[in-house]
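Trainee: I have a structure open and some time to go through it. Can we talk it over?

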Amino acid sequence: MSNPMADAKAQALAARGAEVVQADLDSPSTLPSAFENANAIFAVSDFWGLFGDPANAAKVKGQPLNVWAANHETKQLKGVINAAAKVPTLEHFVFSSLSDAMKWSRGKYTHVYHFNSKAKAEAYGRETYPKLWKKTSIFQAGFFLSNFLSNLIFQPQMTANGVAHFVGHLDPDLKLPFIAPEEDTGPIVKALVQEAAGKNVIAYREWSSLRKLSKAFAQATRIKAECIILEKGQPNIPLPPELSRELDDNWAYCNEFGYEGRDDPTIIHTKDMSL
């Protein structure tokens with residue numbers, strides 16, 4: 001199915017002189033022609049697009065939709081890795097992943113599907129294609145700042161007396177990697193392509209906290225802002241049970257082990273790159 005937003009972005013790229021080739025992550029046979037003669041490939045997938053597509057509800061076959069989406073995302077990414085490994089001209093492969101919540105929590109948090117789906121594919125590529133992985137760097141996108149504008153879970157809630165509440169389960173003083181994806185992804189990926197392979201970068205524009213973010217919001221809008229912490233299992237908006245469980249594990253994992261999996265010794269911060 002055609003995606004109008006993706007089509008518009010493709011047309012904008014074509015207008016600037018880029019050669020645009022169509023491919024489908026669900027049809028691995030379409031990938032070789034898209035990758036033909038490529039020197040660099042940036043592989044990125046979309047768990048939330050799969051989860052939020054109403055057409056996928058009929059494909060789950062008795063399992064929770066987020067479990068299906070995670071397994072399907074891993075399958076899609078394995079297809080990209082398989083195709084990339086066969087490109088003779090390839091010099092740099094940049095793989096968009098997230099920290100392995102299962103591994104770095106030592107099995108404590110098992111339901112962070114939208115992290116682990118990418119981490120599983122990353123592990124597959126590393127184990128299956130060592131030659132490809134010598135050309136590979138990992139891009140871990142930070143916490144999207146756009147969530148506070150477009151996502152009901154994160155949007156500030158205005159009280160009757162005009163106070164903006166940043167409501168959630170994250171420790172307000174936890175340091176998080178905030179990123180504006182549409183503005184920051186390109187320069188960081190470009191730097192990864194230009195530098196030697198083998199990096200595992202947590203990508204962000206600001207290493208900060210929700211408390212500092214709320215203060216910046218208050219300064220910019222002149223609206224008083226406060227951080228409100230919810231108890232585990234207490235959603236700020238109604239959610240399907242399977243999604244509520246996933247997000248509970250997600251917040252707890254970040255609070256205890258870091259969004260980036262802070263025990264991972266391979267992590268490089270954006271501030272340490274030549275941007």
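Mentor: We will go through one helix, some salt bridges, the cysteines and the nonpolar cores. Keep in mind that this is a predicted model.

Trainee: Helix 6 first. How far apart are its end C-alpha atoms?

Mentor: They are 22 Å apart. Helix 6 covers residues 113-128, and at 1.5 Å a residue its 16 residues should span 22 Å, so the two values agree.

Trainee: Which residues of helix 6 are buried?

Mentor: The buried ones are His-114, Phe-115, Asn-116, Ser-117, Lys-118, Ala-119, Ala-121, Glu-122 and Gly-125.

Trainee: What does Glu-122 pair with in a salt bridge?

Mentor: Glu-122 forms one with Arg-126, and the closest N and O atoms are 2.8 Å apart. The two residues are four apart in helix 6, so about one helical turn separates them. An α-helix has 3.6 residues a turn, so residues three or four places apart point the same way.

Trainee: And Arg-126, how does it count for accessibility?

Mentor: Arg-126 counts as partly exposed because its relative accessibility is 42%. Glu-122 has a relative accessible area of 11%, under the 20% cut-off, so Glu-122 is buried.

Trainee: How many salt bridges are there in the whole structure?

Mentor: The search finds 11. One of them joins the side chains of Glu-256 and Lys-108, at 2.9 Å from N to O. That pair links distant parts of the chain, with the two positions 148 residues apart: Glu-256 is in helix 11, and Lys-108 is in the loop between helix 5 and helix 6.

Trainee: Are those two buried, exposed or partly exposed?

Mentor: Glu-256 is partly exposed at 37% relative accessibility. Lys-108 is also partly exposed, at 48%.

Trainee: What about Lys-224, what is its partner?

Mentor: Lys-224 meets Glu-226 in a salt bridge, 3.7 Å from N to O. Lys-224 counts as exposed at 54% relative accessibility, while Glu-226 is partly exposed at 30%. Elsewhere, Glu-183, Asp-184 and Arg-205 are joined into one network by salt bridges that share partners.

Trainee: New topic. Where is Glu-195?

Mentor: Glu-195 sits in the loop between helix 9 and strand 8. It is buried, with a relative accessible area of 18%. Its side chain makes a polar contact with the side chain of Lys-199, at 3.4 Å. Leaving out residues up to four places away in sequence, Glu-195 touches His-92, Met-273 and Ser-274.

Trainee: How many disulfides does the search find?

Mentor: Zero. Cys-227 is in no disulfide, and the nearest cysteine sulfur, in Cys-254, is 15 Å away.

Trainee: Why is Cys-254 not bonded to Cys-227?

Mentor: The sulfur of Cys-227 is the closest cysteine sulfur to that of Cys-254, but at 15 Å it is too far for a bond. Cys-254 itself is buried, at 2% relative accessibility.

Trainee: Last one, the largest nonpolar core. Which residues touch the most other members?

Mentor: That core has 38 residues, and Phe-143, Phe-148, Leu-170, Tyr-253 and Tyr-259 touch the most other members. Helix 11 gives the most to this core, with seven residues.

Trainee: What does Tyr-259 contact?

Mentor: Not counting neighbours within four places in sequence, its contacts include Leu-98, Phe-115, Phe-143, Pro-177, Tyr-253 and Cys-254. There is also a second, separate core of 18 residues, with Leu-77, Phe-95, Leu-132 and Trp-133 among them.

Definitions and conventions
Residues are numbered from 1 along each chain as its sequence is written. This is a predicted model: local features need pLDDT of at least 70, side-chain atom pairs count only at pLDDT 80 or more; totals for chains, interfaces and linings use all residues. Side-chain values use heavy atoms; hydrogens and water are left out. The expected span of a helix is 1.5 Å times one less than its number of residues. Buried means under 20% relative accessible area, exposed over 50%, partly exposed in between (1.4 Å probe, protein chains only). A salt bridge is a side-chain nitrogen of Lys or Arg within 4 Å of a carboxyl oxygen of Asp or Glu. A polar contact is a pair of N or O atoms within 3.5 Å; within protein, one must be able to donate a hydrogen and the other to accept it, and residues adjacent in sequence count only if both atoms are side-chain atoms. Contact means heavy atoms within 4.5 Å. A disulfide is a pair of cysteine sulfur atoms within 2.5 Å. A nonpolar core is a set of buried Ala, Val, Leu, Ile, Met, Phe, Trp, Tyr and Cys residues joined through side-chain atoms within 4.5 Å.
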